[in-house]
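User: Please take a close look at a single part of this structure, the place where its chain begins to build a sheet. I am new to this structure, so please then relate that part to what surrounds it.

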Amino acid sequence: MSEADRYAWIEPGVEDLGGGVYRIPLPLPMDGLRAVNVYAITDAGGVDLIDAGIALVQARERLIVSLRQIGYELGDIRNFFVTHSHIDHYSLAIELRRAFHTVIHLGEQERANLVATRELVNGRRIAFFNAEGLRRLGAQDLLREGGSHRPPPVIIDWEDPDRWIADGVDLDLRTRTLRAVHTPGHTRGHVVFHDAAATIMFAGDHVLPHITPSIGFEPAGNPMALSDYLGSLGRMLALPDARLLPAHGPVTASTHDRVHELLAHHDVRLAETLSAVQAGHATPYDVARAIKWTRRHQAFGDLDLFSQLLAVNETAAHLEVLAARGEVARSASADGIDLWEVAPIG
């Protein structure tokens, strides 16, 4: 696949997916992530949106133009069903609710992330990647380079949704019923929305067609994020297969096919992580440096600082899974840094 084909999904416009469902890509101000898909579910009385986009003028204007192409205005939006609380999915919903009183729904396990995000924005937490956590992972070098990284300035208050969504609840959208399925891993409260009758899966960032979702990138933190994520992928396979409607990337024919690819990817990454420990790399930072990253198999040192922070965090998550399987064991250095070694036999 050419680069042009790979990124064709980000082009402005509206994709008619049939049955009153439309894909609307909204722009993001990020080099590595150029757009987020918002899905409009329409009927004669209005429109419901899966995810919302980022609270920036360009995204709002694109949403206005796109909705008008299918005969709606911002005031016709009844509900936002948001897969998780990351800024590119949640923040525009908050902004539009203030003007149009739209109802926002969010998975109930995201409560902790909203609390932690507000603490970060209001200065009660120093950074998204806190210095003590990075030091414990052996990433002192990243601390010196600016490890107390802050996300881009936030232009909203991180308000609570109107309704918290429980796992397994059925959502009546007039023309269809969506089942909310709790899929922790990318964040602890991530949910997907499954339309069994139409065989479509609004997958958010849980299952992406071209990239592997970041694991545990959330202010509340979750050391067992990868274990949760692998379990959540298993939940997808327990459901009937469905067309994959992801938050980033094109619509594809099968959720199950991509889930199998993601499981295989993490099997490979777990094997690489174990091999690095067997080779004597002891801290999560050292293990991350021994592994190639991205689909281009980049060296750790070739990644930008933010991607390095993500890589160390994800390596720690893979080590936790290996520990749970009894393949590696953790100790601590005299100054409190995590050290990993191959678990003793017996």
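Analyst: In this predicted model, the part to begin with is a bridge in which Asp 16 has Tyr 22 of strand 2 as its partner. That bridge belongs to the pairing of strand 1 with strand 2, which run antiparallel and are joined by three bridges. The two strands form a hairpin with two residues between them, and Gly 19 takes a positive phi near 65° there.

Strand 2, residues 21-27, also pairs with a further strand. Its partner there is strand 3 (residues 35-43), in the antiparallel sense and over seven bridges. In this second pairing, Val 21 stands opposite Ile 41 of strand 3. How much of strand 2 is buried? Six of its seven residues are, so strand 2 is largely enclosed by the rest of the structure.

The hairpin is one portion of an open sheet of seven strands, whose order is 1-2-3-4-5-6-7 and whose pairing is mixed. Strand 1 (15-18) and strand 7 (163-165) are the edge strands, each pairing on one side only. From one strand to the next, the twist averages 25°. Further along this order, strand 4 (residues 46-50) and strand 5 (residues 77-82) run parallel and are joined by four bridges. One of the residues involved is Ile 50, whose bridge partner in strand 5 is Phe 81.

Beyond these strands, helix 3 (residues 87-100) contains Arg 97. A relative accessible area of 12% places Arg 97 among the buried residues, because the cut-off for that class is under 20%. Apart from its neighbours within four places in sequence, Arg 97 is in contact with Thr 102, Ile 104, Glu 159, Asp 160, Pro 161 and Asp 162.

A second sheet is also present. It is open and has five strands in the order 8-9-10-11-12, with mixed pairing. Its edge strands are strand 8 (170-172) and strand 12, each of which pairs on one side only. Here the twist averages 25° from one strand to the next.

At one edge of this second sheet, strand 8 runs antiparallel to strand 9 (residues 177-182), and three bridges join them. Asp 170 stands opposite Arg 179 of strand 9. The loop between strand 8 and strand 9 holds Arg 174, which has a positive phi of about 70° although it is not a glycine. Most residues other than glycine have a negative phi. Arg 174 is exposed, with a relative accessible area of 57%.

At the other edge, strand 11 (residues 200-204) pairs with strand 12 (residues 243-246) in the parallel sense over four bridges. Within this pairing, Phe 202 has Leu 245 of strand 12 as its bridge partner. The chain passes from strand 11 to strand 12 by way of helix 7 (residues 225-238), in a β-α-β crossover that is right-handed. Met 224 lies on this path, in the loop between strand 11 and helix 7. Its relative accessibility of 29% makes Met 224 partly exposed. The C-alpha atom of Met 224 is separated by 17 Å from that of Arg 235, which is 11 residues away along the chain.

Helix 7 also meets helix 10 (residues 305-324): their axes come within 7 Å and cross at roughly 75°. The two helices, helix 7 and helix 10, are therefore roughly perpendicular to each other. In this contact, Leu 226, Ser 227 and Leu 230 of helix 7 meet Ala 317, His 318 and Val 321 of helix 10. Of the residues in the contact between helix 7 and helix 10, four are nonpolar, two are polar and none is charged.

In the loop between helix 9 (284-289) and helix 10 lies Thr 294. Its phi is near 65°, a positive value in a residue other than glycine. Is Thr 294 partly exposed or buried? With 41% relative accessibility, Thr 294 counts as partly exposed.

To return to the starting point, the hairpin of strand 1 and strand 2 has two residues between its strands, and its strand 1 is an edge strand of the seven-stranded sheet.

Notes. Residues numbered from 1 in each chain as written. Predicted model: local features only at pLDDT ≥ 70, side-chain atom pairs only at ≥ 80, totals over all residues. Heavy atoms only, no water. Pairing = 2+ DSSP bridges. Right-handed = clockwise from strand over helix to strand, strands pointing away. Axes fitted to C-alpha atoms, helices over the stretch in contact; angles between N-to-C directions. Parallel < 35°, antiparallel > 145°, perpendicular 65-115°, else oblique. Contact = heavy atoms within 4.5 Å. Nonpolar A, V, L, I, M, F, W, Y, C, P; charged D, E, K, R; others polar. Buried < 20%, exposed > 50% of the residue type's maximum accessible area, 1.4 Å probe, protein only.
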